[in-house]
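Reader: I am new to this structure and would like to understand the words used to describe it. Could you take me through them with care?

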Amino acid sequence: MGVYTLMQKIGSVYYFRQAVPNDLKIIIGRNEIKESLKTKDYKLAISRNKAKAIETEARFKALRNGEPVKTITISNQPIVSDNSVISIIPNYNSTTKGNGKTLRDICEKWIEQKAKDLKAEQGIELSVKDFEQVHGNILVGAITTGHLVEFRDWLLKQASASATKNKRIAQIKSLVSFAHNNDLIKTNPLLGFNLKIAKNDSKPYISFEKKELEALLLNDNFGNLRRSNPEYYWIILIGLFTGARVEEICQLLVSDVKEKQDIHYFDINEYEEGKSLKTQSSKRLVPIHYELSRIG
C-alpha cells in the first residue's frame with residue numbers, strides 16, 4: 001500500500017511532504033518527511049517535488065534492503081526535466097548531527113545574534129536547561145518530534161503555568177529553526193509540528209499547609225537567619241505576605257519601598273539595569289502588610 005506524497009505552500013515557499021511507511025518509522029525516527037523545496041515558483045516546485053518523491057522512494061527501498069543511502073548535493077539550478085534528480089532529503093545513514101553542535105551551542109549563538117535583552121537571554125537559557133533535564137546535552141541535529149513530545153510530557157509534571165510550558169516548547173522549536181536557517185543542520189524536523197499544553201492540563205501550584213508554615217517559621221533556625229543571613233529572612237517573609245515571585249523580591253531595592261497617603265508599598269518594577277519582570281502586567285504596587293512593618 002502506497003503512502004501519500006504532496007506539495008504544500010507555507011508562507012511563500014513550497015514544501016515537499018511524504019508519509020514515512022510504518023516499517024521505516026523506527027529507522028527514520030519520524031512519521032513524515034517535510035522539507036523545503038527552496039523555491040517560491042510553482043512550476044519549479046512541481047518539478048522539484050516530483051524529483052524529491054522519486055529519490056525518497058529510492059531511499060526507502062535502500063533502507064529496506066540494508067543498502068547504503070547515497071547523498072546528492074542540492075543544486076540551486078532549476079530542474080529542466082522530469083528525469084533530473086535533486087536531493088534535499090536528509091541522509092538517514094549519516095553520522096553528522098548538526099556539525100557536532102549541541103542545543104546549548106545553538107542557544108549561545110542565538111543569544112549572540114538575537115537576544116534583545118537580559119530577559120530574553122534568561123528565558124531561552126531556562127528552556128534549554130529544562131530540555132537538558134530530559135535529554136541531556138543533545139546534539140541539535142539529533143532532535144526529533146519524539147524528543148519534543150517527551151519534553152512536553154515532562155513539563156506536564158512540573159508546577160508552572162501552561163503559558164510558561166508552552167513558551168519552553170516554542171523556544172526549543174525556535175532554536176532548532178535557528179540552527180536550520182544558519183545551515184548548521186540539514187533539515188528542521190520540528191517545522192510545522194504543533195504541540196501545545198492546554199490551560200487545564202497544567203499542574204496546579206501546591207500551597208503550604210498551616211502546619212508546614214509553622215514548622216518553617218516557628219523555629220530557632222529561621223529566627224537566627226535575621227542575624228546571620230537577613231536577606232533570606234526577609235525574602236521568605238515578603239513572599240509570605242505579598243505572594244510576589246522570588247525573582248521580584250530578590251531585585252527589590254531600598255528605593256522601591258515607598259509611601260503615599262500614609263500607605264507603605266513595594267514598587268515592583270524593572271526600571272534599573274539588571275531588573276526584569278515576567279510580563280509587563282507584573283509591574284505593580286503592592287501594599288506592605290502591617291505585620292511586616294511591625295516585624296521590621
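Author: Let us begin with one pair of residues: in this predicted model, K258 stands opposite Y265, which belongs to strand 5.

Reader: What makes strand 4 and strand 5 a pair?

Author: Two strands count as paired if at least two bridges are found between them, and four bridges join strand 4 to strand 5, residues 263-268, so the requirement is met. These two strands run antiparallel, and they belong to an open sheet of three strands with the order 4-5-6.

Reader: Why are strand 4 and strand 6 called edge strands?

Author: Strand 4 (257-260) and strand 6 (284-287) each pair on one side only. Within this sheet, neighbouring strands are turned by 40° against each other on average, direction ignored.

Reader: How do you know that F131 is buried or exposed?

Author: Buried means under 20% relative accessible area, and F131 has 0% relative accessibility, so F131 counts as buried. The value for F151 is likewise 0%, and therefore F151 counts as buried.

Reader: Which kind of ring pair do F131 and F151 form, and why is it called that?

Author: Five aromatic pairs are found in a search of the whole structure. Rings pair if their centres lie within 6.5 Å, and planes over 60 degrees apart count as edge-to-face; because the centres of F131 and F151 are 5.0 Å apart and their planes stand at 70°, this pair is edge-to-face. F131 lies in helix 4 and F151 in helix 5, so the pair ties together parts that are 20 residues apart in sequence. Ring pairs also link F131 and F151 with W154 into a cluster.

Reader: What part does F131 have in the largest nonpolar core?

Author: That core has 25 residues, and F131 is among those that touch the most other members, together with L103, V140, I143, L148 and L175. Helix 3 (103-114), helix 4 (118-135), helix 5 (145-156) and helix 6 (162-181) each supply at least two of the core's residues, and the largest share, six residues, comes from helix 6. Apart from this core lies another, of 14 residues, including L237, A244, L277 and V286.

Reader: Why is C107 described differently from C250 in its exposure?

Author: The cut-offs are under 20% for buried and over 50% for exposed, with partly exposed in between. C107 has a relative accessible area of 2%, so C107 is buried, whereas C250, at 47%, falls between the cut-offs and is therefore partly exposed. As for disulfides, the structure holds zero.

Technical notes. Residues are numbered from 1 along each chain as its sequence is written. This is a predicted model: local features need pLDDT of at least 70, side-chain atom pairs count only at pLDDT 80 or more; totals for chains, interfaces and linings use all residues. Side-chain values use heavy atoms; hydrogens and water are left out. Axes are lines fitted to C-alpha atoms, for helices over the stretch in contact, and angles run from 0 to 180 degrees between N-to-C directions. A nonpolar core is a set of buried Ala, Val, Leu, Ile, Met, Phe, Trp, Tyr and Cys residues joined through side-chain atoms within 4.5 Å. Buried means under 20% relative accessible area, exposed over 50%, partly exposed in between (1.4 Å probe, protein chains only). A disulfide is a pair of cysteine sulfur atoms within 2.5 Å. Rings of Phe, Tyr and Trp (its six-membered ring) pair if their centres lie within 6.5 Å; planes under 30 degrees apart count as stacked, over 60 as edge-to-face and the rest as tilted.
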